[in-house]
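Biologist: Please show me the model. I want to know what stands behind each label you use.

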Amino acid sequence: MTLRHPYSGIMNEQSRNQLAQHYFSEAPLLAGAAVVVERVDGDELSLTAAIEPWMVQQTGVLHAGMVTAFGDHAAAVAATLAGGLEQVPLSVSIHVSLLRGISGERLWVRARPVRLGRRVIAAEAEIGGFRDGEPVLGARLAVTLVPVG
């Protein structure tokens with residue numbers, strides 16, 4: 001599948017991954033999080049990141065604020081790529097369901113737009129950790145975004 005992005009012409013999977021990686025490196029809160037965009041497949045964005053000591057709360061699990069930050073930004077980047085938007089849209093509503101604590105060395109995130117409207121975008125994200133090398137779901141987010149510009 002190819003996508004036309006206003007700044008990059010026709011984009012293949014590799015250039016979509018690079019653009020997604022760029023959007024994460026420009027986000028001040030997540031820039032130091034060692035985010036690795038694993039793939040952009042169709043409308044879905046998948047990434048992993050190291051869980052650093054500054055990201056966890058006193059119990060050793062990923063702080064809910066970090067869960068929200070990763071999910072929110074991933075949902076916005078997935079919507080940006082799927083919709084060919086010029087800028088990452090802004091969140092106006094975020095619903096977070098914390099299902100279980102996320103701990104370990106790495107986390108994973110999957111995000112995708114649910115509806116790409118001209119004025120309102122709905123997206124969702126799942127965040128989790130790894131147990132014995134297998135992904136374990138820790139949280140789900142529903143995000144409502146609005147395009148900027």
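Biologist: Why is aspartate 132 called exposed?

Modeller: Its relative accessibility is 78%. Exposed means over 50% relative accessible area, buried means under 20%, and partly exposed lies in between, with a 1.4 Å probe and protein chains only. At 78%, aspartate 132 therefore counts as exposed.

Biologist: What kind of model is this, and how are residues numbered?

Modeller: This is a predicted model, where local features need pLDDT of at least 70, side-chain atom pairs count only at pLDDT 80 or more, and totals for chains, interfaces and linings use all residues. Residues are numbered from 1 along each chain as its sequence is written, and side-chain values use heavy atoms, with hydrogens and water left out.

Biologist: Where is aspartate 132 placed?

Modeller: Aspartate 132 is in the loop between β7 and β8. Strands are DSSP runs of E with at least two residues, helices are runs of H or I with at least four, and both are numbered from the N terminus.

Biologist: What is the phi of aspartate 132?

Modeller: About 55 degrees, a positive value, although aspartate 132 is not a glycine. Most residues other than glycine have a negative phi. Alanine 34 also has a positive phi, near 55 degrees. Alanine 34 sits in the loop between α1 and β3.

Biologist: Why is alanine 34 called partly exposed?

Modeller: Its relative accessible area is 41%. That value is neither under 20% nor over 50%, so alanine 34 is partly exposed. Alanine 31, found in the loop between α1 and β3, counts as partly exposed at 43%.

Biologist: Which residues does alanine 31 touch, not counting residues up to four places away in sequence?

Modeller: Phe24 and Ser25. Contact means heavy atoms within 4.5 Å. Histidine 63 is 32 residues from alanine 31 in sequence, and 17 Å away from C-alpha to C-alpha.

Biologist: What makes a group of residues a nonpolar core?

Modeller: The members are buried Ala, Val, Leu, Ile, Met, Phe, Trp, Tyr and Cys residues, joined through side-chain atoms within 4.5 Å. The largest such core here has 41 residues. Phe24, Leu45, Leu62, Phe70 and Leu107 touch the most other members. Two or more residues each come from α1 (13-25), β3 (35-41), β4 (44-50), α2 (64-83), β6 (106-116), β7 (121-131) and β8 (134-146). The largest share, 11 residues, comes from α2.

Biologist: Which residues are in contact with leucine 45, leaving aside its neighbours within four places in sequence?

Modeller: Ala20, Phe24, Val37, Arg39, Val40, Ala74, Val77, Ala78, Val109, Arg110 and Ala111. Serine 46 lies in strand β4. With the same sequence neighbours left aside, serine 46 is in contact with Val36, Val37, Glu38, Arg39, Val109 and Arg110.

Biologist: How do you know that serine 46 counts as buried?

Modeller: Its relative accessibility is 6%. The limit is under 20%, so serine 46 counts as buried.

Biologist: Why is threonine 80 called buried?

Modeller: Threonine 80 has a relative accessible area of 0%, so the cut-off is met. Threonine 80 lies in helix α2. Beyond four places in sequence, threonine 80 touches Tyr23, Leu85, Gln87, Val88 and Pro89. Its side chain reaches the backbone oxygen of alanine 76 at 2.7 Å.

Biologist: How do you know that glycine 71 counts as buried?

Modeller: Glycine 71 is at 0% relative accessibility, so it counts as buried. Its place is in helix α2. Not counting residues up to four places away in sequence, glycine 71 touches Ala125, Ile127 and Leu141.

Biologist: Why is alanine 139 called buried?

Modeller: The relative accessible area of alanine 139 is 0%, so alanine 139 is buried. Alanine 139 is found in strand β8. Isoleucine 127 is 12 residues away in sequence and 5.2 Å away in space, C-alpha to C-alpha. Alanine 139 touches residues beyond four places in sequence, including Val67, Ser97, Ala125 and Ile127.

Biologist: By class, what lines the largest pocket?

Modeller: The lining has 4 nonpolar, no polar and 6 charged residues. Ala, Val, Leu, Ile, Met, Phe, Trp, Tyr, Cys and Pro count as nonpolar, Asp, Glu, Lys and Arg as charged, and the others, Gly among them, as polar. Among the lining residues are Glu44, Arg110, Glu124 and Arg140.

Biologist: What makes a set of grid points a pocket?

Modeller: The grid is 1 Å, over the protein atoms alone, and the probe is 1.4 Å; a pocket is an open set with protein on both sides within 12 Å along at least five of seven lines, and lining residues have an atom within 4 Å of a point. β6, β7 and β8 each supply at least two residues of this lining.

Notes:
A polar contact is a pair of N or O atoms within 3.5 Å; within protein, one must be able to donate a hydrogen and the other to accept it, and residues adjacent in sequence count only if both atoms are side-chain atoms.
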